[in-house]
Amino acid sequence: MNSIGVDVGGTKIAAALVNSDGTSERTVEVPSTPDDTDHMLESIVEAIEQLEVAESLPVGVAVAGYLDRPRSMVRFSPNIDAWRNVPLRANLEARLGRAVRLENDANAAAYGEWRHGAGRGYEDVLMVTLGTGVGGGVVIGGSVLIGGTGTGGEVGHITVEPGGRLCGCGLRGCLEAYSSGTALAKSGRKALEDKVAGHEALAERCSGDAAALESPEIVELAQNGDLLSQELVGDVGRWLGRGIATMSAILDPQRIVVGGGLAEVGDLVLGPAREMYAQIQERGHRPTVTVALAELGNDAGVIGAAALAAAEAGR
């Protein structure tokens with residue numbers, strides 16, 4: 001079944017008509033206004049209307065933030081300041097005159113990869129996304145893990161180092177504090193401040209100002225063969241390996257998919273992640289499964305939201 005997918009972000013709203021095979025067409029983007037609840041609603045509707053598709057097609061909307069268990073309300077969104085306990089699904093259904101499937105954006109991306117990407121063909125899939133933070137989602141038996149209160153699948157906030165680094169969530173030792181773009185930048189700045197061996201390339205990229213060093217610059221240096229930068233990126237991978245091993249002990253997925261901008265460096269981060277994951281699994285006498293690079297890229301949220309809406313409409 002064809003359907004409409006929408007991915008709502010803090011700077012833009014993307015919408016597309018998604019075919020039953022996961023390919024998308026008629027993609028549109030409109031700017032978002034995260035400080036205005038009413039205007040955000042209008043912008044989502046505008047994006048859908050610009051697609052000029054049949055009114056009967058189901059609509060799936062992916063949103064960054066915490067949703068309630070019934071998937072009707074956005075409790076909190078870190079990128080959309082005005083959204084606090086907003087009944088988004090009811091508001092959209094009233095404007096559009098049709099049912100809307102609402103989902104967390106990382107969960108939607110995980111479902112998209114399970115249905116049409118690197119997780120297709122498997123019933124149980126764990127997805128981890130490495131970007132500014134660490135997100136992800138879990139698909140069990142073909143259904144998204146929602147959890148008892150609606151916040152299941154927050155993989156970035158499992159503890160990998162008790163009492164460790166302070167995470168942006170306010171806790172210490174979270175995976176996000178070690179295996180994200182933000183964590184990579186902090187590690188690079190510290191290496192520069194401490195003048196560890198081989199820091200010269202980092203210093204050159206930021207003109208000696210450690211505070212100005214960002215993760216894309218470290219990644220680029222790593223891709224160009226800088227050994228210290230490769231070690232820093234590898235550390236991100238090793239912490240990721242610890243995290244997915246911990247999650248695997250509970251979830252026992254058939255496939256692990258890693259996406260997000262930081263994962264696009266490929267084996268520089270996935271190689272160390274796979275090695276650490278395998279070491280821990282083997283020590284625990286547990287089998288390993290494939291840790292695969294995500295396939296859908298930035299379209300995962302739109303495709304996943306559309307696929308969820310189509311699946312719900314087809315029940």
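I count two strands as paired if DSSP finds at least two bridges between them. The model I examined is predicted.

**Entry 1: the five-stranded sheet**

I looked up β12 and β13 under that criterion and found them paired in the parallel sense over three bridges. Within this pairing, I256 has V291 of β13 as its bridge partner. I then followed the whole sheet, which is open and has five strands in the order β11-β10-β9-β12-β13, with mixed pairing. Its edge strands are β11 (143-144) and β13 (291-293), each of which pairs on one side only. I also checked which helix covers this region: α8 lies across β9, β12 and β13, and runs at about 165 degrees to β13.

**Entry 2: the largest nonpolar core**

I asked which residues of the largest nonpolar core touch the most other members. Of its 46 residues, these are L126, V128, L130, L184, L202, I244 and M247. I noted the elements that give two or more residues to this core: β9 (125-130), β10 (134-140), β12 (255-259) and the helices α4, α5, α6, α7 and α8. Helix α7 supplies the largest share, nine residues. I took V128 as an example and listed its contacts beyond four places in sequence: V134, G135, G136, V155, L240, I244, M247, V257, V258 and G259. Another core, of 30 residues, lies apart from this one and includes V45, I48, L57 and W83.

**Entry 3: helix α6 and S229**

I turned to α6 (residues 215-223) and recorded S215, E217, I218, V219, L221 and A222 as buried. The buried residues of α6 pack against α4 (181-193), α5 (200-205), α7 (227-251) and α8 (267-283). Just after α6, I noted that G225 takes a positive phi of about 100 degrees.

Is S229, in helix α7, buried or exposed? Its relative accessible area is 0%, so I entered S229 as buried, the cut-off being under 20%. Beyond four places in sequence, S229 touches L202, I218, L221 and A222. Of these contacts, I218, L221 and A222 are among the buried residues of α6.

**Entry 4: the three-stranded sheet**

I last examined an open sheet of three strands, ordered β5-β6-β7, with antiparallel pairing. Because β5 (66-67) and β7 (84-86) stand at the edges with a single partner strand each, one side of each has no neighbour in the sheet. I found that β5 pairs with β6 (residues 74-76) in the antiparallel sense over two bridges. Here, Y66 has F76 of β6 as its bridge partner.

Notes. Residues are numbered from 1 along each chain as its sequence is written. This is a predicted model: local features need pLDDT of at least 70, side-chain atom pairs count only at pLDDT 80 or more; totals for chains, interfaces and linings use all residues. Side-chain values use heavy atoms; hydrogens and water are left out. Helices (H or I, at least four residues) and strands (E, at least two) are DSSP runs, numbered from the N terminus. Buried means under 20% relative accessible area, exposed over 50%, partly exposed in between (1.4 Å probe, protein chains only). Contact means heavy atoms within 4.5 Å. A nonpolar core is a set of buried Ala, Val, Leu, Ile, Met, Phe, Trp, Tyr and Cys residues joined through side-chain atoms within 4.5 Å. Axes are lines fitted to C-alpha atoms, for helices over the stretch in contact, and angles run from 0 to 180 degrees between N-to-C directions.
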